Amino acid sequence: MGPQRTCVQCGTVLPKGRLLRVAGRPGGGWAPDPRGTLPGRGIYLCRRGDCIAKFSARVKKPKGGARWKMGDAGAELAERLAAIVSGAANT
């Protein structure tokens, strides 16, 4: 069955490969990691657009990004995740 992870937005538990990983380090940069190969702490999201969009809106604000110590990087991550959602909607 393989490793399971939990979506930080909705709480759904799925196999690791079915979730979108966001990699980074508290106080450092954060980036979407669709392949799951980047170093750093992993945050997992359902690949559904609504989970990604809600998480993006949450970390865009300083208080929302504070949970993962993102600082200003939360707003940048939100933009990158929004691009993923809009790209998925166009396919």
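Reader: Over how many bridges do strand β3 and strand β5 (residues 41-46) pair?
Author: This is a predicted model, in which local features need pLDDT of at least 70, side-chain atom pairs count only at pLDDT 80 or more, and totals for chains, interfaces and linings use all residues. Residues are numbered from 1 along each chain as its sequence is written, and side-chain values use heavy atoms, with hydrogens and water left out. Two strands are said to pair if DSSP finds at least two bridges between them, and strands themselves are DSSP runs (E, at least two residues), as helices are (H or I, at least four), numbered from the N terminus. On that footing β3 and β5 pair in the antiparallel sense, and the count is 6 bridges.

Reader: Which residue of β5 is the bridge partner of Arg21?
Author: Arg21 belongs to the set Leu19, Arg21 and Ala23 on one side of β3. Across the pairing of β3 with β5, which runs in the antiparallel sense, the bridge partner of Arg21 is Tyr44.

Reader: Which residue in β4 stands opposite Val22?
Author: β3 also pairs with strand β4 (residues 30-33), again in the antiparallel sense and over 4 bridges. Within β4, the bridge partner of Gly24 is Trp30, while the residue opposite Val22 is Pro32.

Reader: Which residue in the turn of the β3 and β4 hairpin has a positive phi?
Author: β3 and β4 form a hairpin, with 5 residues between the two strands. In that turn, a positive phi of about 80° is found at Gly27.

Reader: How many residues of strand β3 (residues 19-24) are buried?
Author: Buried means under 20% relative accessible area, exposed means over 50%, and partly exposed lies in between (1.4 Å probe, protein chains only). In a regular strand the side chains alternate between the two faces of the sheet. Both faces of β3 are covered, with Leu19, Arg21 and Ala23 buried on one side and Leu20, Val22 and Gly24 on the other. Strand β3 is therefore largely enclosed by the rest of the structure, its buried residues numbering 6 of 6.

Reader: Which residues of β4 are buried on the side opposite Trp30 and Pro32?
Author: Both faces of β4 are covered, and Trp30 and Pro32 are buried on one of them. On the other side, the buried residues are Ala31 and Asp33.

Reader: In what order do the elements of the protein chain run from the N terminus on?
Author: The protein chain holds 3 helices and 5 strands. Read from the N terminus on, the order is β-β-β-β-β-α-α-α.

Reader: With which residues is Ser56 in contact, leaving aside its neighbours within four places in sequence?
Author: Ser56 lies in helix α1 (residues 49-60), and with a relative accessible area of 6% it is buried. Contact means heavy atoms within 4.5 Å. Apart from those sequence neighbours, the contacts of Ser56 are Ala78, Leu81 and Ala82.

Reader: How far apart in space are Glu79 and Lys60, C-alpha to C-alpha?
Author: Glu79 lies in helix α3, and with a relative accessible area of 59% it is exposed. Glu79 and Lys60 are 19 residues apart in sequence, and their C-alpha atoms are separated in space by 8.3 Å.

Reader: Is Lys69 buried or exposed?
Author: Lys69 is found in the loop between α2 (62-65) and α3 (73-89), and although it is not a glycine it has a positive phi of about 55°. Its relative accessibility is 56%, and Lys69 therefore counts as exposed.

Reader: How far apart in space are Lys63 and Thr12, C-alpha to C-alpha?
Author: Lys63 lies in helix α2 and counts as exposed, at 77% relative accessibility. Lys63 and Thr12 are 51 residues apart in sequence, and their C-alpha atoms are separated in space by 23 Å.

Reader: What is the radius of gyration of the protein chain?
Author: The radius of gyration is taken over C-alpha atoms, and the globule rule is 2.2 Å times the number of residues to the power 0.38. With 91 residues, a compact globule would have a value near 12 Å, and the protein chain agrees with this, having 12 Å.

Reader: How far apart lie the centres of the positive and negative side chains?
Author: Lys and Arg count as positive and Asp and Glu as negative, with His and the chain ends not counted, and the place of a charge is taken as NZ of Lys, CZ of Arg, CG of Asp or CD of Glu. The protein chain has 17 positive and 5 negative side chains, and the distance between the centres of the two sets is 9 Å.
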